Amino acid sequence: MEKIKLLPQQEILKIAAGQVVDRPANIVKELVENSVDAKATKIIVHIENGGKELIRVIDNGCGMSKQDAKNSFKKHTTSKIRSLSDLDKIQTFGFRGEALASISAVSKVTLITKEKDADQGLKLELEDSKVISEEEVPFVQGTDLSIQDIFYNTPVRQKFLKKRETEQRHITQLMHSFCLDYLDITFKFFVDGKQIITCPATDDIIKRAAQIWGHEFAKNLIPLETSQQEGKPRVWGAITNHQYFRYDRNNIFLFVNNRWVKNHNIQSALIKGYNNVLPVARYPAAFIFVKIDPTLIDVNIHPRKEEVKFLHPRAVPTILQPLVKRALEEHLSSKINTKVTFKTQDTNNFSQKDNVGTFGTRTEQENNFTQFNFDQFLHKQSTKPNTNVTIPEFTGTSANTQTNDRVSTRTTSQEEINTPVEQKEQNSQSVQDTQTEIVHHSYEIIGQYKKTYILIEKEDGLFFVDQHVAHERVLYQLFSKRFENIATIKLLFPVFITLKEEDLSLIEENLDIFKQNGIDLEIFGKNQIKIQATPVHLKSVNLEEIIHETLASIKEFSGLDAQEFSQKVHDHLHSQMACKAAIKAGDTLTFKQIEKLLSDLDQTEGRFACPHGRPIGWLLSQYEIEKKFKR
Ligand code: ADP
Ligand code: MG
C-alpha cells in the first residue's frame with residue numbers, strides 16, 4: 001500500500017504561510033509595507049488583543065482595481081515585478097507576491113479598496129484563501145485591510161502565539177520603526193481602540209522622535225550628519241547624548257536603504273562610539289540611516305528581510321564609529337561652560353561612596369577646559385583606591401548604594417530604607433557566614449594588592465585572584481544552584497519603583513521569575529511595584545537596576561520558546577545578582593574573609609571564569625620570577 005500522499009493544496013498553502021507570517025507583527029509589517037509601496041501619505045493601524053484578534057491597516061494609497069484586488073490574494077501575484085531580471089533593481093518592499101496569499105490562508109480577511117478614478121470601491125471577504133463575499137461599496141481612494149483571528153484554522157500555530165503584551169510590544173516596536181523611517185508619512189496607531197502614536201508628517205528625525213516618545217526624550221538627541229563621499233555609503237541620523245541611557249538595545253534602529261534591519265557590526269560600531277561615555281551594559285537610543293548602492297548589499301539572506309549582508313562589512317562601521325564619537329565630543333565641549341553633572345555608575349568596579357565626593361558634580365571651573373578627556377576621566381575613576389570602606393561581611397554593603405537615574409525615576413532611597421529585619425534562612429554555602437571552618441589548603445595568603453587583587457603564595461609561584469570576579473563566581477553558582485529556595489530577608493521598609501505601564505504588565509506576567517529568585521514584589525497602585533523581600537546578598541544593592549535589567553532580558557528573550565526563555569532570563573538574573581552583590585574592587589578584606597572566599601571558590605564549579613567570562617586568577621610562576629632576577 002502506498003504510504004506517500006500528496007497534501008491537499010489548502011494544507012500546502014497553510015504550511016507555507018506559516019513561514020511568512022509567524023506572528024502578528026509580521027502581518028502588520030507586510031501590510032504597512034504594501035501601503036508604503038502604494039505611495040500612501042497617511043497610514044492608520046489598529047490592533048486588538050496584541051493583533052491576534054484584529055489587525056487593520058488603512059491607507060490613502062493608489063488602491064486596487066477590482067481585478068487586481070481579487071488577484072492580489074493569489075500566490076505569486078505582484079504588481080511590482082514582471083521578470084526575474086527586475087529582481088536586483090527592485091526598490092520597493094514586496095516582490096515575492098506572497099504576503100496577501102499567505103495571510104489569507106491563515107486568517108479571515110476583509111479588503112476594501114478603491115482606485116482614484118473608480119466610481120465605487122470593492123469589498124471582498126476571504127476565508128481559507130477563498131472569496132466568500134464580494135460587493136461594491138462607497139469608499140475614498142486607498143485600501144482598508146482587516147485581518148481577523150490569526151491562525152484560527154491552524155490551532156498548532158495559534159498555540160505558539162505569545163501573550164497579548166508580547167505581541168503588542170513587537171508591533172509597537174515595528175510601528176516605531178516605520179514612523180522613524182518615513183517622516184513624510186502621517187502615522188496613527190491604535191491599540192485596543194486607544195491611540196498610542198500620533199505622528200503628523202515632518203521633515204526632521206528629532207521632531208519625529210519627539211512625536212513618538214515625547215519632548216523630554218528628544219531633548220537628549222543630537223543629530224548625526226556626514227557629507228557624502230564619492231563611492232562611500234552615506235550615514236546619518238540622530239543619537240542620544242551622554243546623559244541618557246537605557247538598559248536594553250531596543251531603541252537602536254538601523255535603516256539601510258529605508259529598510260529596517262539588524263546588523264551586528266553596525267550596532268557594535270555605534271556602541272563602541274560611546275566607549276567611556278556610557279558604562280558597560282548601558283545603551284543609547286539611536287536612529288541610524290544608511291544609503292548605499294543596492295548592488296553592494298544582499299537583503300535576501302533573511303526570509304523576512306530583517307537582516308542585511310554587506311559586500312564590504314567594514315564600510316559602514318568605519319564611518320559610524322568615529323562619527324558617533326565626534327558628535328558626542330562636540331556636544332560635550334559645547335556644554336562645557338554650562339554646568340554638567342557627572343555621576344558614576346556602579347558597573348565599574350569601584351566603590352560608589354568614595355566617588356560621590358570626587359566625581360559627583362563638576363563645578364563650572366573644573367569643566368572649563370576645551371577638550372574633555374574621556375580616557376582620563378574613566379582612568380581616574382577606576383583606579384582610585386577606596387580608603388575608608390571596609391566590609392564586615394561579604395554582602396556587598398560598601399557598594400552599589402548610589403543611584404544614577406538619568407532616565408528612570410525613583411521614589412525612595414534604597415540606602416536609607418533597605419534595612420533587613422529578619423533573616424529567614426542562614427545559608428551555609430554563602431560566603432557571608434564567616435564562622436564556617438576553613439578547609440586546610442596548600443597556600444599562604446599574602447594580602448591584597450590595590451584592594452582589588454588577592455595575592456597568594458603557592459608552591460609553584462605567586463597567584464593573583466580578582467576579588468570581585470571570584471566572589472561573583474561564587475554567588476552566581478549559589479544563585480543558580482539554589483534558586484527557588486534562596487535565603488531571603490524581609491525589608492523593614494519596602495522599596496517602591498515607578499515603572500511604565502508596559503513594564504508593569506511585563507512584571508505582572510513574569511512575577512514567578514522574581515519570586516523564584518527571592519525577590520518578593522507586587523504591583524502597587526497604578527504605576528509602581530513594591531519590593532518587600534530580597535535574597536540576603538541583595539539587601540544593599542540597587543534593586544531598581546536589577547528590575548530594569550531583568551525587564552530588558554525578558555523583552556530580549558520573549559521570542560524564544562518557554563523553556564529556553566525561562567533558562568535565559570534566570571541565567572541573566574543570576575549573573576546580574578551575582579555581579580551586584582559581589583564585593584568590589586577597592587573593598588578592604590580581612591584575612592578571614594579572604595580565606596572564606598577562597599575556600600568557597602574552591603568548592604565552586606567553573607571557578608576560573610566569572611559569569612561574563614573574565615578570568616578569576618592567574619599564576620606568575622616561580623620560574624618566571626626567577627628568570628626576571630636572572631637566577
Ligand atoms: P507584493 O507586495 O510582494 O507584491 P503582496 O501579496 O504583499 O505582494 O501584495 C500583492 C499585490 O497587491 C501588490 O503587488 C499590490 O499590487 C497589491 N496591494 C497590496 N496591498 C496594497 C495596498 N495597500 N494598496 C495598493 N495595492 C496593494
Ligand atoms: Mg507586499
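Lys 39 is exposed, because its relative accessible area is 67% (buried means under 20% relative accessible area, exposed over 50%, and partly exposed in between, with a 1.4 Å probe and protein chains only). The residue sits in the loop between α2 (24-37) and β1; helices (H or I, at least four residues) and strands (E, at least two) are DSSP runs, numbered from the N terminus. The model is predicted: local features need pLDDT of at least 70, side-chain atom pairs count only at pLDDT 80 or more, and totals for chains, interfaces and linings use all residues. Residues are numbered from 1 along each chain as its sequence is written, chains are lettered from A and ligands numbered from 1 in the order in which they are written, and side-chain values use heavy atoms, with hydrogens and water left out.

Lys 39 has a positive phi, although it is a residue other than glycine. Asn 49, also a residue other than glycine, has a positive phi as well. The table sets out both residues.

| Residue | Phi | Loop | Relative accessibility |
|---|---|---|---|
| Lys 39 | near 65° | between α2 and β1 | 67%, exposed |
| Asn 49 | near 50° | between β1 and β2 (54-59) | 23%, partly exposed |

**The eight-stranded sheet**

Strand β1 belongs to an open sheet of eight strands, ordered β5-β4-β3-β6-β2-β1-β7-β8 with mixed pairing. Two strands pair if DSSP finds at least two bridges between them. The edges are formed by β5 (130-137) and β8 (194-199); each has a single partner strand, so one side of each is left without a neighbour in the sheet. On average, neighbouring strands here are turned by 10° against each other, direction ignored. At the β5 edge, β4 (residues 121-127) pairs with β5 in the antiparallel sense over seven bridges, and Glu 125 stands opposite Ser 133 in β5.

Helix α6 lies across β1 (42-48), β7 (186-191) and β8, and runs at about 170° to β7. Axes are lines fitted to C-alpha atoms, for helices over the stretch in contact, and angles run from 0 to 180 degrees between N-to-C directions; contact means heavy atoms within 4.5 Å.

**The five-stranded sheet**

A further open sheet, of five strands, follows the order β9-β10-β13-β11-β12, again with mixed pairing. Its edge strands are β9 (221-225) and β12 (259-261), each with a single partner strand, so one side of each lacks a neighbour in the sheet. From one strand to the next, the twist averages 20°. Helix α6 (residues 164-181) packs on this sheet too, touching β11, β12 and β13 (286-291), and its direction makes about 55° with that of β11. Strand β11 (residues 252-256) pairs with β12 in the antiparallel sense over three bridges; Leu 254 stands opposite Val 261 in β12.

**Helices α9 and α15**

In helix α9 (residues 264-273), Ile 266, Ala 269, Leu 270 and Gly 273 are buried. Seen down the axis of α9, its buried residues fall within an arc of 100°, so they line one face of the helix; the arc is that of the directions from the helix axis to the C-beta atoms. At the start of α9, a side-chain oxygen of Asn 263 comes to within 3.1 Å of the backbone nitrogen of Asn 265.

His 471 is located in helix α15 (residues 467-482). With 0% relative accessibility, His 471 counts as buried. Its C-alpha atom is separated by 8.7 Å from that of Asp 600, 129 residues apart along the chain.

Notes:
A polar contact is a pair of N or O atoms within 3.5 Å; within protein, one must be able to donate a hydrogen and the other to accept it, and residues adjacent in sequence count only if both atoms are side-chain atoms.
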